[in-house]
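I opened the notebook to record what I looked up, one topic at a time. The structure comes first, then my entries.

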Amino acid sequence: MKKHNFSAGPAVLPASVLKEAAKGALNYQGSGLSLLEMSHRGAEFTAIIEEATALVHELLAIPPDSGYHVLWLTGGASTQFFMVPMNLLDTNQMAAYVDTGSWASKAIKEAKAFGRVEVIASSKEQNYTFIPKGWKVPKNARYLHLTSNNTIFGTQYQRFPKSTVPIVCDMSSDFLSRPVDVSPFGLIYAGAQKNLGPAGVTVVIMREDLLGQVNRHLPTMLDYRTFIKERSLYNTPPVFPIYVSMLTLRWLKKVGGPKAIHRRNKAKAKLLYDEIDANPLFVGTVVKEDRSLMNACFVMAPGYEALEKEFLQEAQAAGIVGLKGHRSVGGFRASMYNALPKRSVQVLVDLMRDFARRKG
Ligand SMILES: *Cc1c(COP(=O)(O)O)cnc(C)c1O
């Protein structure tokens, strides 16, 4: 039986996508070849990467001639932590960063090697339990770096702050989970394995006019211009992860796109957060207004801490996987990405309720 997959990443994918991907791994569209053994320069893969790129444009409503490029890279979001400042920030320039969690702080650490970094706000002192607000972006910043959803701590920007400088945003864990107006963003990046596809590919959406303004030497493979010019085909791209991502994008379009998936994601999150708030055995770990629709973090309520292990065991027995919280928060983390069915959340909520009846 298929498990209820609450893993933070690599994460749940739509069942129909997995089925189609499995077929492609054996015999791609009756060609007599697996997609895994096909040239990345052949007609089959060319069609796949072009469709994937067009779907990102379409689902985010990016006009084709708007100056934005959709790139398919490797190295994970973690490579973008340094590739962004390497390409956009000269040694004597400054970039503004908001520190909202472990991933944001890793991005900050990497950027410091390339230019000046101003951390203009941070919730680190409170173990990242909220998104700092009310800060100002210095006018001389080259860009403002944000992490839209903090996968480990379970906070998310419900609205993006206004910025006079281009925003660079790590959207790894909420990419295409809701409608986003891309116009304030100079660059968006997302590792695929949370909400888009399997591990191995990173999608970057960027404005070309931000490039060409740093004086350092850029290795070919770490220069965004290489990927713009060669349409992500300078070298061998991660063919199969791009294929599975394309299938997920098709699926997303079929279920109604970002607007429809956002409605679903809100309904799933409400179901779980309502239970966390009503159930005397569990408490949430972050301020309510910043709660993530993607990753819900919660712990046993004071006095019930000893039941944590038992609840995890019961969850496992109920077919729930990936519920254990990150070590820096403890407790539980329920990741509810686009492809997680509401039914899975219902199974978790029913178990929480039943557990409280028996143990409370
Ligand atoms: C998972 C994650 C990363 C790291 O992604 P990799 O692809 O493993 O490098 C970075 N940022 C956020 C917000 C994440 O959720």
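These entries cover two sheets, a helix pair and two single residues.

**Entry 1: the model.** I am working from a predicted model. I keep that in mind for every value below.

**Entry 2: the seven-stranded sheet.** I traced the strand order first. Seven strands form an open sheet, ordered β2-β10-β9-β8-β5-β3-β4. The pairing is mixed. Which strands stand at the edges? I found β2 and β4 (116–122) there. Each has a single partner strand, so one side of each has no neighbour in the sheet. On average, neighbouring strands of this sheet are turned by 20° against each other, direction ignored.

I then checked what packs on the sheet. Helix α3 (residues 76–88) does, and it touches β2, β3 (94–99), β5 (141–147), β8 (167–170), β9 and β10. The direction of α3 makes about 155° with that of β9.

**Entry 3: strand β10 and its partners.** I looked at β10 from both sides. Strand β2 (residues 68–73) runs antiparallel to β10, and six bridges join the two. Within this pair, valine 70 stands opposite isoleucine 205. Tyrosine 68 stands opposite arginine 207. β9 is also antiparallel to β10, with five bridges between them. Here alanine 190 has valine 203 of β10 as its bridge partner. I also checked burial. β10 is mostly covered, with five of its six residues buried.

**Entry 4: the three-stranded sheet.** I moved on to another open sheet. Its three strands are ordered β11-β12-β14, and the pairing is antiparallel. β11 (282–284) and β14 (332–335) are at the edges, each with a single partner strand, so one side of each lacks a neighbour in the sheet. Neighbouring strands of this sheet are turned by 35° against each other on average, direction ignored.

I noted one pair in detail. Strand β12 (residues 295–300) is joined to β14 by four bridges, and the two run antiparallel. Cysteine 297 has arginine 333 in β14 as its bridge partner.

**Entry 5: helices α2 and α6.** How do the axes of α2 and α6 cross? I read off a crossing at roughly 45°, with the axes of helix α2 (residues 43–59) and α6 coming within 9 Å. That makes α2 oblique to α6, because the angle falls outside the parallel, antiparallel and perpendicular ranges. The crossing is left-handed. I listed the contact residues too. On α2 they include Phe45, Ile48, Ile49, Ala52, Leu55, Val56 and Leu59. On α6 they include Val239, Ile242, Tyr243, Met246, Leu249 and Leu252. Charged names also turn up in the list, among them Glu51 and Glu58 of α2 and Arg250 and Lys253 of α6.

**Entry 6: glycine 256.** I found glycine 256 in the loop between α6 (239–254) and α7 (257–278). Glycine 256 counts as partly exposed, because its relative accessibility is 45%, between the 20% and 50% cut-offs. Its C-alpha atom is separated by 9.5 Å from that of leucine 59, and the two residues are 197 residues apart along the chain.

**Entry 7: asparagine 195.** Is asparagine 195 buried or exposed? I placed asparagine 195 in the loop between β9 (185–191) and β10 (202–207). Asparagine 195 is buried, because its relative accessible area of 8% is under 20%. I followed its side chain to two backbone atoms. The side chain of asparagine 195 reaches the backbone oxygen of phenylalanine 175 at 3.3 Å. It also reaches the backbone nitrogen of asparagine 338 at 2.9 Å. Not counting residues up to four places away in sequence, asparagine 195 touches residues including Ser172, Asp174, Thr248, Met294 and Tyr337.

Technical notes
Residues numbered from 1 in each chain as written. Predicted model: local features only at pLDDT ≥ 70, side-chain atom pairs only at ≥ 80, totals over all residues. Heavy atoms only, no water. Buried < 20%, exposed > 50% of the residue type's maximum accessible area, 1.4 Å probe, protein only. Polar contact = N/O pair within 3.5 Å; in protein donor to acceptor, adjacent residues only side chain to side chain. Contact = heavy atoms within 4.5 Å. Pairing = 2+ DSSP bridges. Axes fitted to C-alpha atoms, helices over the stretch in contact; angles between N-to-C directions. Parallel < 35°, antiparallel > 145°, perpendicular 65-115°, else oblique. Left-handed = near helix turned anticlockwise from the far one by under 90°.
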